[in-house]
Amino acid sequence: MKDTYLVSRWALVRQGELVDIPPKLEIHPDFLKKLSQEEFETAFRDIGNLFYQIYSDIADAPEEFGFPLYKIEEYSYFSKEAREARTASWNIFYLLLILFACGEWKEKVFVVETAAVREKIKVKKINLLLKALCSYGFVFEGISKFSLSSGSKMEIDYPDNHNVLEVLSLVAKKVMDTQLKGISNYFSCMVAFSNGFISWNYKVLIEELNTCTLAKGCDYVADKMHTEEEKEVVDAIHKVMMENGLSVQKGDLNEGPALRYYRSKSTYDFALMSDRGKLVLELRIRNVRKCLEYLKECSDSIVDMFRHTDQGYRNRVNGTCKYGVKYEFEGEEKWHCGCCGAPFKIYPVKADIPHYLKLVELGSKR
């Protein structure tokens, strides 16, 4: 299935955007009014494991969740079907977010007003998603055939560990009341990449319930990395960009969160991103000829970036491409596409940061 359907492929990408939970959690006292530190932490980790498993199961059997079964080979990247598949696997997590943000404890029972959920929910085939959640241990009572419109109230239980309900509720309410306050479109990529609930970001727990500073600065990208080395590279690049007077804006990409760095207001010079889970730095080099002599001072990975050539897309073939970069290197013609981003891309390392800056400086000259 993983190599058959678009939604399966993207479910694994979204799985990689879950934030790693460290060995020790810092938890603000606001979260610990009903549970001990140990009880809360155990439930929080159980939910993280649950989210990871759900993504795996979506990739294996998307039909069980009612997700679109668009085959990879039948749809182009820019088709509406491909756009739908890229975000579909988030739906079950948005449903959990809204259920637990809207629900309240009534004595020892977690109760949700179904009208409040229906007002906020924007996902399709909710009945199939609720049914799927039952296979993970959730129990829904008060509605018929998993239809929210069949009852005014719904009770939610998780018999394996009732503390899971408390943790889901606290995190959902905090994210809804802080990060998503005043946001009309929860489903934009930029909002989704920052969302502390669907990424199950442990940093939600550090601050009080009314304060949430997730995904600020370079954490927008760094939180999606899974090694300390990559997180350090993101932090180092961001620091250098700020020290050199560049401005920064979040990028809204399908493949993952991005930070774009600008010298001017029109076009970014660098972009640091998680591209389907892989750390990538984009460099906007327009005039390659100005960079070639400097390559003698650069690492092999940078030289290989110039050796690489893109296959080319429709606009290049028909001669209408306005953004590609063509040059000759080592006796061969090379071409880099610049239609959907800066034309040069590399896996960044800290030692080469000064070279990245110099190459863009040289490559911007006419």
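**Figure 1. Glu-330 and Arg-307 meet in a salt bridge.** The N-to-O separation of the two side chains is 2.9 Å. The model shown here and in the other views is predicted. Glu-330 sits in the loop between strand 9 (325–329) and strand 10 (332–336). Arg-307 belongs to helix 11 (residues 300–307). The pair therefore ties together parts that are 23 residues apart in sequence. Arg-307 is partly exposed, with 36% relative accessibility.

**Figure 2. A salt bridge links Lys-203 to Asp-223.** The closest N and O atoms are 2.7 Å apart. Lys-203 lies in the loop between helix 8 (189–194) and helix 9 (219–222), and Asp-223 in the loop between helix 9 and helix 10 (228–243), so the bridge joins parts that are 20 residues apart in sequence. Both ends of the bridge are buried: Lys-203 has a relative accessible area of 19%, and Asp-223 has one of 9%. For Lys-203, the label rests on the cut-off of under 20%.

**Figure 3. Glu-332 pairs with Lys-334 in a salt bridge.** Their closest N and O atoms lie 2.9 Å apart. Glu-332 is partly exposed at 46% relative accessibility. Lys-334, in contrast, is buried at 7%. Elsewhere, salt bridges with shared partners connect Lys-203, Asp-219 and Asp-223 in one network. The whole structure holds 16 salt bridges.

**Figure 4. Helix 6 (residues 126–134) has buried residues at Ile-126, Leu-129, Leu-130, Ala-132 and Leu-133.** These residues span an arc of only 160° around the axis, which means that they are on the same side of helix 6. The buried residues of helix 6 pack against three elements: helix 2 (37–60), helix 4 (91–102) and strand 3 (139–141).

**Figure 5. Asn-91 of helix 4 is in contact with Leu-129.** Asn-91 is buried, with 12% relative accessibility. Beyond residues up to four places away in sequence, Asn-91 touches Phe-67, Val-123, Lys-124, Leu-129 and Phe-187. Leu-129 is one of the buried residues of helix 6.

**Figure 6. Helix 2 packs across helix 7 (residues 163–177) at about 80°.** The two axes are 9 Å apart. Helix 2 is therefore roughly perpendicular to helix 7. Helix 2 brings Glu-39, Phe-40, Ala-43, Phe-44, Ile-47 and Phe-51 to the contact. Helix 7 brings Asn-163, Val-164, Val-167, Leu-168, Leu-170 and Val-171.

**Figure 7. Four strands form an open antiparallel sheet in the order 1-2-4-3.** Strand 1 (104–106) and strand 3 are the edge strands, and each pairs on one side only. On average, neighbouring strands are turned by 40° against each other, direction ignored. Strand 2 (residues 109–113) and strand 4 (residues 153–157) run antiparallel and are joined by four bridges. Glu-113 has Lys-153 of strand 4 as its bridge partner. Helix 4 packs on this sheet and touches strand 1, strand 2, strand 3 and strand 4. The direction of helix 4 makes about 105° with that of strand 2.

**Figure 8. Five strands build an open antiparallel sheet in the order 5-6-7-8-11.** Strand 5 and strand 11 (344–346) stand at the edges. Each has a single partner strand, so one side of each lacks a neighbour in the sheet. From one strand to the next, the twist averages 25°. In a regular strand, side chains alternate between the two faces of the sheet.

**Figure 9. Strand 5 (residues 247–252) and strand 6 (residues 257–262) form a hairpin with four residues between the strands.** The strands pair in the antiparallel sense over six bridges. Asp-252 has Pro-257 of strand 6 as its bridge partner. In this hairpin, Gly-256 takes a positive phi near 155°.

**Figure 10. Strand 7 (residues 270–275) runs antiparallel to strand 8 (residues 278–283).** Six bridges join the two strands. Asp-275 stands opposite Lys-278 of strand 8.

Technical notes
Residues are numbered from 1 along each chain as its sequence is written. This is a predicted model: local features need pLDDT of at least 70, side-chain atom pairs count only at pLDDT 80 or more; totals for chains, interfaces and linings use all residues. Side-chain values use heavy atoms; hydrogens and water are left out. A salt bridge is a side-chain nitrogen of Lys or Arg within 4 Å of a carboxyl oxygen of Asp or Glu. Buried means under 20% relative accessible area, exposed over 50%, partly exposed in between (1.4 Å probe, protein chains only). The arc is that of the directions from the helix axis to the C-beta atoms. Contact means heavy atoms within 4.5 Å. Two strands pair if DSSP finds at least two bridges between them. Axes are lines fitted to C-alpha atoms, for helices over the stretch in contact, and angles run from 0 to 180 degrees between N-to-C directions. Angles under 35 degrees count as roughly parallel, over 145 as roughly antiparallel, 65 to 115 as roughly perpendicular and the rest as oblique.
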